Amino acid sequence: MEILVDLHTHTITSGHAYSTITENALAASRRGLKLLGMTDHGPSMPGAPHLYHFGNLSIIPKEISGVKILPGVEANIVNHEGELDIPFSYLAQMKLVLVGLHVICYPGGTSEQNTQAYIKAMVNPYTDMMVHPGRPDFQLDLERIAYKSAQLNIPVEVNNSSLSTIKGKDGARVNCRCFASYMAKYKSPVILGSDAHFWDRVGEFSDALDLIHEAGISEHQILNTSPERVLDYLAIRRKQRLSTAKVPLSIA
Ligand SMILES: [Zn+2]
Ligand SMILES: [Zn+2]
């Protein structure tokens, strides 16, 4: 199975990542990727860019070294209501919106509160994909999330960094294995993400691939096997957005 798209990468703009978009794109090109997401952290993460950064993403070239670029964000869930740290008017301009829970940005809570927050963020019409539910930072009902992912057709990530020996955390592998088995059970849409914070990790999926094979997730469930599948999904998502969004689709 070939993974030709990495939608979850960070640049120096995130504050705790160390490569530029050009360096990431060159690395993606060398790995044979066709499509690259530039998803720096939302503003509530220490060191992350301010809103003005996200309002100017249209200046990023559409393609660098033969790799198409999708500029967007990894937005932070900030409360138990599943609200995000970027106004909808900004999200509406973005080509790609990943959403996740992060220490410091989210107050924590019971498993029920965390799961509700995560699922409410999944229902948000501006959310394209959910990231790293397997991280052990917050307790989550992983079976309910996998079920909701299938029901809503919102892909959830198997995050390679969570599994790696460099950045992985205790408990992540067990959680990710458990989550992957639920994703296989409900035939939920899956995305593999490198979550690279340095160019040499862009397109690195080896641990995530081992995990999904072990869990019995089928190739058909994995969205980033082709750029066309990803772009078709995002186009459909934007059409759905137009019919459900409650705010004007432009920055005031
Ligand atoms: Zn993250
Ligand atoms: Zn990330």
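**A central strand, two zinc ions and a few side-chain contacts**

Strand S5 runs parallel to strand S6 (residues 129–130), and two bridges hold the pairing; strands count as paired once DSSP finds at least two bridges between them. Strands here are DSSP runs of E of at least two residues and helices runs of H or I of at least four, both numbered from the N terminus. The model is a predicted one, in which local features need pLDDT of at least 70 and side-chain atom pairs pLDDT 80 or more, while totals for chains, interfaces and linings use all residues. Residues are numbered from 1 along each chain as its sequence is written, chains are lettered from A and ligands numbered from 1 in the order in which they are written, and side-chain values rest on heavy atoms, without hydrogens or water.

Within the S5–S6 pair, Met130 of S6 sits opposite Val99. To get from S5 to S6 the chain passes through helix H4 (residues 111–123), in a right-handed β-α-β crossover (clockwise from the first strand over the helix to the second, with the strands pointing away from the viewer). Strand S4 (residues 67–76) also pairs with S5 in the parallel sense, this time over five bridges, and there Ala75 is the residue facing Val99. S5 itself, spanning residues 96–100, is mostly covered, with five of its five residues buried; buried stands for under 20% relative accessible area, exposed for over 50% and partly exposed for anything in between, using a 1.4 Å probe and protein chains only. In a regular strand, side chains alternate between the two faces of the sheet. In S5, Leu96, Leu98 and Gly100 point one way while Val97 and Val99 point the other, and all of them are buried.

Over on helix H4 there is Glu112, which counts as partly exposed because its relative accessibility is 40%. Its C-alpha atom and that of Val78 are 16 Å apart, with the two positions 34 residues apart along the chain.

Now for the metals. The zinc ion (ligand 1) takes Glu74 (OE), His102 (NE2) and His132 (NE2) as its donors, at 2.0 to 2.1 Å. Donors are N, O and S atoms within 2.8 Å of the metal (3.2 Å for Na, K and Ca), and sites may look incomplete because water is not among the atoms. Along the chain these donors are spaced E-x27-H-x29-H. His102 belongs to the loop between S5 and H4, and His132 to the loop between S6 and helix H5 (142–152), so the two tie together parts of the chain 30 residues apart in sequence. His102 is buried at 5% relative accessible area, and His132 is buried at 4%.

The zinc ion (ligand 2) has His8 (NE2), His10 (NE2), Glu74 (OE) and Asp195 (OD) as protein donors, 2.0 to 2.2 Å away. Angles among the four donor atoms run from 82 to 172°, and the site is irregular. That label covers whatever is neither tetrahedral (four donors, all angles between 85 and 135 degrees) nor square planar or octahedral (four or six donors, opposite ones over 155 degrees apart and all others between 65 and 115). The sequence spacing reads H-x1-H-x63-E-x120-D. The two zinc ions, ligand 2 and ligand 1, lie 3.4 Å apart, with Glu74 coordinating both. His10, in the loop between strand S1 (5–6) and helix H1 (21–31), and Asp195, in the loop between strand S8 (190–193) and helix H8 (206–215), are 185 residues apart, and this pair links distant parts of the chain. His10 is buried at 0% relative accessible area, and Asp195 is buried at 2%.

Aromatic contacts come next: the structure has four aromatic pairs, meaning rings of Phe, Tyr or Trp (its six-membered ring) with centres within 6.5 Å, stacked if the planes are under 30 degrees apart, edge-to-face if over 60 and tilted otherwise. One of these pairs, Phe88 and Tyr126, is stacked because the ring centres are 5.0 Å apart and the planes at 20°. Phe88 is in helix H3 (residues 88–91) and Tyr126 in the loop between H4 and S6, 38 residues apart, so to speak linking distant parts of the chain. Phe88 is partly exposed at 37% relative accessible area, whereas Tyr126 is buried at 1%. Phe198 and Trp199 make a tilted pair, with centres 5.8 Å apart and planes at 35°. Phe198 is partly exposed at 34%, and so is Trp199 at 33%.

As for disulfides (cysteine sulfur atoms within 2.5 Å), the count is zero. Cys105 is in none, the nearest cysteine sulfur being that of Cys176, 19 Å away. The sulfur of Cys176 has its closest cysteine sulfur in Cys178, 9.6 Å away and too far for a bond. Cys105 is buried at 8% relative accessibility, and Cys176 is buried at 6%.
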